[in-house]
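Colleague: Could you take a close look at the site around the ligand, and then place that site within the rest of the protein? I would like a connected account that I can follow with the model open beside me.

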Amino acid sequence: MNLFDTSIEYLKGVGPQRGDLLRKELSIHKYGDLIHLFPNRYIDRTRYYKINQLQNNNSEVQIVGKIINIKTVEQGKGKTRLVATFVDETGQMELVWFQGHKWIRETLKLNTVYVIFGKVAQFGATFNMAHPEMELLQEHQASLRSAMQPVYPSTEKLTNKGISNKVVNKMMQQLFIETQSLFQETLPLYLIEELKLISKKEALFNIHFPKNQDMLAKAQFRLKFEELFFIQLQLITKNLIRKHKIKGHPFGLVGENFNDFYKNHLPFDLTNAQKRVLKEIRNDLGSNAQMNRLLQGDVGSGKTIVALMCMLLAKDNGFQSCLMAPTEILASQHFNGITELAKDLNITIKLLTGSTKTKERTLIHEALEAGSLDILIGTHALLEDKVKFKNLGLAIIDEQHRFGVEQRSKLWKKNAIPPHVLVMTATPIPRTLAMSLYGDLDISVIDELPPGRKAIQTVHRYDSNRLKVWKFLKDEIAKGRQIYIVYPLIQESETMDYKDLMDGYESISRDFPLPQYSISIVHGKMKPAEKEAEMKRFSEGKTNIMVATTVIEVGVNVPNASVMVIESAERFGLSQLHQLRGRVGRGAEQSYCILMTGFKLSNDTKTRLETMVRTNDGFEIAEVDLKLRGPGDIMGTQQSGVLNLQIADLVKDRDILQVARNYAMKLLKDDASMSKSEHQTLRTVFIEMSKKKNIWNYIS
Ligand code: ADP
Ligand code: MG
């Protein structure tokens with residue numbers, strides 16, 4: 001039997017009772033589980049503090065000094081505490097015990113040099129440390145095996161039952177003594193060499209007993225890589241199986257339309273990111289399998305032209321395509337934009353939304369079925385049963401968080417062979433990461449903005465400064481710019497939100513009077529046609545200010561609008577604020593985003609606002625968002641198992657994740673069944689891991 005399958009209670013120093021606790025509290029059943037209990041953090045015990053250097057910041061410190069006096073202090077209700085005066089050459093502090101007095105009194109030596117370790121707190125002018133870890137200086141010097149001391153995950157019960165961090169440390173040492181040098185390498189040799197990884201054995205040793213910072217970093221990298229690599233192997237295997245089952249239309253041709261557009265009608269040079277993404281998509285489309293790809297790119301990164309070029313490929317191969325957007329405004333904006341881009345090409349494009357007139361609608365239906373319509377752009381209206389394509393080859397969905405998975409698959413069901421699916425979103429990492437973890441979709445990222453964009457300047461202003469803000473808006477309008485003023489509209493309190501919006505609109509109308517200024521308003525209660533008309537007035541420059549609810553959150557493109565005022569910004573989530581801000585900064589002018597709030601702000605809100613002011617980087621913002629909202633919120637509760645990772649962190653280690661994913665893909669492309677001789681061990685580990693339930697939890 002493998003030594004690592006040995007039941008944990010047999011480890012010297014554990015026994016049945018502790019074994020039971022370890023099983024219940026930390027799910028440690030075997031030797032192999034204990035070795036994978038990785039430290040949460042490390043304490044740097046190379047540093048010694050002097051008492052006069054202490055700060056009231058609740059950090060853990062170690063100090064060398066002596067106890068000069070011990071006394072028992074009454075605390076009331078018959079309770080006492082033990083207080084010792086501890087000194088070094090720079091000052092004095094107190095050590096406090098609330099329990100175990102008798103034993104401590106008996107063992108502590110006065111006027112003997114100790115190294116104490118623990119958290120300091122300050123009461124009045126005096127620092128104290130409760131329940132310090134104490135070691136005689138001599139012992140300390142002899143026992144210090146690692147300057148970086150691991151701190152292991154624990155539970156209250158474990159600590160109460162005497163399984164302190166020190167005890168876990170001892171167990172770990174014992175484990176290494178009993179199993180030394182028997183750790184099996186799990187990764188293929190060529191991978192270790194190529195990535196300059198340290199061996200499994202070295203990594204496990206250094207994660208528990210780091211020789212130094214450098215070795216710790218190497219150990220962490222190796223183990224994180226390994227964890228993510230095996231998960232990716234599983235996900236990609238699953239994905240491959242799916243692809244095997246679902247055939248797609250191969251778009252083998254890069255023909256007239258694509259080439260003509262690329263050579264003669266590109267309005268600007270594509271960014272490198274756009275080119276790379278197109279290549280990835282073309283690769284998919286050229287294969288026999290159905291594409292199911294997520295195209296992720298920050299607002300303004302230029303996803304639309306990529307979408308068009310994909311649709312041209314479909315046309316070149318004799319297929320129709322469609323583009324579905326979550327709102328009418330967005331759909332018609334896509335329609336206008338794409339029609340403009342494709343104006344010199346010989347393709348037919350139509351718009352279908354809820355407000356398309358019956359006559360026009362019938363014509364569209366007929367043209368679709370006859371195959372004379374190449375591209376259909378629209379809203380949910382595309383999902384209606386009456387909408388039948390002759391040969392839909394590609395479905396593009398913009399801003400996918402508005403559409404559920406079922407809706408996506410409804411598009412699929414329109415054909416015997418499903419179309420290729422491209423989902424476009426501006427929502428950065430967390431979602432992407434989740435998906436890359438779920439393997440549901442392949443992912444392409446446009447991680448570069450078109451050249452020449454000026455960074456949007458963002459400020460936070462209190463409602464009390466409104467006069468100054470209005471003055472600023474007037475100055476910008478005088479320069480010919482246009483302005484968005486956005487109000488929150490959050491479902492639960494819709495009536496109240498609506499009232500806020502109308503009140504706001506009224507006071508704005510008073511402060512920006514006709515005929516000097518003109519104002520548009522768009523909100524959810526308006527009829528689509530009215531909304532459209534108002535949007536149009538604004539985008540044509542006929543109005544200076546657009547007062548709106550979050551209906552303009554996605555996709556609206558008015559390059560001359562250079563100021564975004566967000567009212568009650570404290571009520572918006574970070575990603576929403578970022579999306580809203582993305583409506584400006586689209587033209588050549590310097591753009592601004594002004595976050596208006598009241599005075600009372602929670603800490604989380606302050607963090608959100610500070611983050612917005614500090615950065616325009618969607619990835620950074622998503623990272624903060626993930627921290628604030630917690631993974632459960634972002635990934636959906638039933639998926640929260642995703643974060644049962646042992647060592648890797650999906651957000652912080654996304655670079656490692658990417659590397660792991662790439663290597664896993666390469667490996668499986670070359671050897672899908674992992675049957676080559678260099679993949680023997682890998683295969684064994686893979687199968688073993690796949691049997692364990694916790695790994696399958698990663699996958700829906
Ligand atoms: P989003 O990714 O938010 O949908 P869009 O496709 O609407 O972005 O593009 C935003 C703006 O940038 C549009 O006005 C578009 O014409 C312009 N654009 C896109 N790609 C480039 C590029 N490579 N160079 C210059 N401008 C570009
Ligand atoms: Mg867009």
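Modeller: Ligand 1 is surrounded by 16 residues, and the closest of them are D269, G300, K303, T304 and R453. This is a predicted model, and the distances that follow are computed from its atoms. Sorted by class, the shell around ligand 1 consists of 7 polar, 5 charged and 4 nonpolar residues.

Three polar contacts can be followed one by one. The side chain of T304 takes part in one of them, with a polar atom 2.6 Å from an oxygen atom of ligand 1. The backbone takes part in the other two: a polar backbone atom of G302 is 3.1 Å from an oxygen atom of the ligand, and a polar backbone atom of S301 is 3.4 Å from an oxygen atom of ligand 1. As for cover, ligand 1 on its own has 570 Å² of accessible area, and the protein covers 78% of that.

From the ligand we can turn to the nonpolar interior. The largest nonpolar core has 41 residues, and V306 and I396 are the ones with the most contacts inside it. Several elements give two or more residues to this core: the helices α10 (256-265), α11 (272-286), α12 (303-316) and α13 (328-341), together with the strands β11 (349-352), β12 (375-378), β13 (392-398) and β14 (420-425). Of these, α12 supplies the largest share, with 10 residues. If residues up to four places away in sequence are left out, V306 touches Q274, V277, L278, I281, L295 and I446. Apart from this core lies another one, of 35 residues, which includes L34, I198, M215 and L223.

Some single residues elsewhere also deserve a look. T85 is found in strand β3 (residues 79-88), and T85 counts as buried because its relative accessibility is 10%, which falls under the 20% cut-off. Beyond its neighbours within four places in sequence, T85 is in contact with K66, I67, I68, N69, Q92 and M93.

The backbone has a few features that are worth checking on screen. Between L514 and P515 the peptide bond is cis, with omega near 0°, and P515 belongs to the loop between α18 (494-511) and β18 (519-522). K196, in the loop between α7 (189-194) and α8 (200-208), has a phi near 50°, a positive value in a residue other than glycine. S568 likewise is not a glycine and has a positive phi, of about 45°, and S568 lies in the loop between β20 (561-566) and α20 (574-581). The surroundings of these two residues can be told apart by accessibility: K196 is exposed because its relative accessible area is 72%, over the 50% cut-off, whereas S568, at 23%, counts as partly exposed because that value lies between the 20% and 50% cut-offs.

Finally, the protein as a whole gives the setting for these details. The protein contains 25 helices and 21 strands, and 50% of its 700 residues are buried. Taking contacts between residues at least 6 apart in sequence, 73% join residues that are at least 24 apart. The accessible surface of the protein comes to about 33900 Å², and carbon and sulfur atoms account for 51% of it.

Notes. Residues are numbered from 1 along each chain as its sequence is written. Chains are lettered from A and ligands numbered from 1 in the order in which they are written. This is a predicted model: local features need pLDDT of at least 70, side-chain atom pairs count only at pLDDT 80 or more; totals for chains, interfaces and linings use all residues. Side-chain values use heavy atoms; hydrogens and water are left out. A nonpolar core is a set of buried Ala, Val, Leu, Ile, Met, Phe, Trp, Tyr and Cys residues joined through side-chain atoms within 4.5 Å. Buried means under 20% relative accessible area, exposed over 50%, partly exposed in between (1.4 Å probe, protein chains only). Helices (H or I, at least four residues) and strands (E, at least two) are DSSP runs, numbered from the N terminus. Contact means heavy atoms within 4.5 Å. A residue is near a molecule or strand if one of its heavy atoms lies within 4 Å of it. A polar contact is a pair of N or O atoms within 3.5 Å; within protein, one must be able to donate a hydrogen and the other to accept it, and residues adjacent in sequence count only if both atoms are side-chain atoms. Accessible areas come from the Shrake-Rupley method with a 1.4 Å probe; for residues, only the protein chains shown count as cover. Ala, Val, Leu, Ile, Met, Phe, Trp, Tyr, Cys and Pro count as nonpolar, Asp, Glu, Lys and Arg as charged, and the others, Gly among them, as polar.
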